[in-house]
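Hi,

Here is the structure I said I would pass on. Have a look at it first, and then read my notes below.

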Amino acid sequence: MENQQDFVSEENVTYENESDKTVKTDSDQEKYDETNSDEITKNQDELSEEYTYESPKGDPLYEIDVQIKASDLYDYSLRHSYTSLGGLLSTIVGVLMIYAYFAKNASPLYLIFGLIVVFYIPINLFLVSKQQAMQETFQKPLHYAFYENGMEVSQDDLKEMIGWDYIVKAVATSKSIIVYTGKNRASIFPRRDLQPDATALIRVLSTHVDPKKMKIKQ
C-alpha cells in the first residue's frame, strides 16, 4: 500500500523539468500496477481455494431435483429480510409511525410514510423475485446429491461440490428448507419437491451439519 500512497501523492512533488515528472510518474505507475496485480492475484487464489471442493465420496445418501419458482424465491427473500436487523428495524419504524397517526393524532404524513415503509419491502421483494425467476438458471431443474463429504449441486454439465463445513446454517419455512452456504448464498428446497415430506433431507442434514447450525423444526 506504500507504493499506492506514494503514487497518489506524487502530484504534490516539485520537479525540475517535465521529463523528470514523466519518469517519476511512469516508475510509480509501474510499482502501483505491480502491487495491485499481486493483490488481485492473491484474492483470486483465496477465492479459488474457498470454492475448490473435494469430489463426492461413496454413493449418494439422498438425491433430489428441485425446480425453483418465483414463489420460492419470494419465500426465501421474505425470510432472509425479516430475520435481518435492517428488515426488522424498518418494519418496527413503519408500525410505530402508523400507530402514532391513529393513537397520537399525528400528522397524516406519519400514516403515509408508515405504510410505505411497511409495504415497500414485501412489494419490492415480490417484484425482484419475479425478475430473478426469469433468469436462465431457474428455467431448468437443479439436481442435488448428498454424500458423506458434502452436497453436490448440478445443472446440465455444471457441477459444484459443497463440503459440509461450508454450510453456514439450515433453516425452514412453511414452504421450503433453506440451506445457507454463505451470508447471501443459499440452496432452496421447496417442500412440494420433497415428496412425500422433508424428513429424508432433514435427517441427512442433521447427521452431517453442526447441530448449532441446524435451525429446523419439522
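Before anything else: this is a predicted model, so please read everything below in that light.

**Overall layout**

The protein has 218 residues, and 33% of them count as buried. It contains 6 helices and 8 strands. Starting at the N terminus, the order of elements is α-α-β-α-α-α-β-β-β-β-β-β-α-β. If you take contacts between residues at least 6 apart in sequence, 57% of them join residues at least 24 apart. The accessible surface is about 14,300 Å², with 54% of that belonging to carbon and sulfur atoms.

**β1, β2 and β3**

I'd start with strand β1, residues 62–66, where the side chains alternate. Tyr62, Ile64 and Val66 are buried and point to one face, while Glu63 and Asp65 point to the other face and are not buried.

β1 pairs with strand β2 (residues 142–147) in the antiparallel sense, over 5 bridges. Two of the partners to look up: Tyr62 has Phe146 as its bridge partner in β2, and Asp65 has His143. β2 itself is mostly covered, with 5 of its 6 residues buried.

On to β3: this strand runs antiparallel to β2, and 5 bridges join the two. The connection from β2 to β3 is a hairpin through 2 residues. Phe146 turns up again here, standing opposite Met151 in β3.

**An acidic residue to check**

What is the nearest side chain of opposite charge to Glu152, and how far away is it? It is Lys159, at 4.6 Å. Glu152 is buried yet has no salt bridge; the cut-off for one is 4 Å between a side-chain nitrogen of Lys or Arg and a carboxyl oxygen of Asp or Glu. Glu152 belongs to strand β3, which covers residues 150–155. Setting aside neighbours within four places in sequence, Glu152 is in contact with Pro56, His143, Tyr144, Ala145, Tyr147, Lys159, Glu160 and Met161. His143, the partner of Asp65, is thus also on the contact list of Glu152.

**The second sheet**

There is also an open sheet of 4 strands, in the order β7-β6-β5-β8 and with mixed pairing. Its edge strands are β7 (185–190) and β8 (214–215), each of which pairs on one side only. Within the sheet, β5 (residues 169–172) and β6 pair in the antiparallel sense over 4 bridges. For a landmark there, find Ala172, which stands opposite Ile177 in β6.

**Aromatics**

The count of aromatic pairs comes to 7. One of them is Tyr76 with Tyr180, a tilted pair at 6.0 Å centre to centre, with 45° between the planes. This pair links distant parts of the chain: Tyr76 is in helix α3 (residues 70–82) and Tyr180 is in strand β6 (residues 176–182), 104 residues apart. Are these two rings buried or exposed? Tyr76 counts as buried because its relative accessibility is 14%, and Tyr180 is buried too, with a relative accessible area of 2%; the cut-off for buried is under 20%.

Tyr101 and Phe102 make an edge-to-face pair, because their ring centres are 4.9 Å apart and their planes are at 80°. As for cover, Tyr101 is partly exposed at 26% relative accessible area, whereas Phe102 is exposed at 61%.

There is an aromatic cluster as well, formed by Tyr62, Tyr144, Phe146, Trp164 and Phe189. Some of these names will be familiar: Tyr62 and Phe146 are the bridge partners from β1 and β2, and Tyr144 is among the contacts of Glu152.

**A loop residue**

Last one: Ala106, in the loop between α4 (85–103) and α5 (108–133). Ala106 counts as buried because its relative accessible area is 18%, and the limit is 20%. Leaving out neighbours within four places in sequence, Ala106 is in contact with Ala100 and Tyr101. Tyr101 is the partly exposed partner in the edge-to-face pair above.

If you only open two views, I'd pick Glu152 in β3 and the cluster that includes Trp164 and Phe189.

Cheers

Technical notes
Residues numbered from 1 in each chain as written. Predicted model: local features only at pLDDT ≥ 70, side-chain atom pairs only at ≥ 80, totals over all residues. Heavy atoms only, no water. Buried < 20%, exposed > 50% of the residue type's maximum accessible area, 1.4 Å probe, protein only. Lys, Arg positive; Asp, Glu negative; His and termini not counted. Contact = heavy atoms within 4.5 Å. Pairing = 2+ DSSP bridges. Areas by Shrake-Rupley, 256 points an atom, 1.4 Å probe, with all protein chains shown as cover. Phe/Tyr/Trp six-rings, centres within 6.5 Å; stacked < 30°, edge-to-face > 60°.
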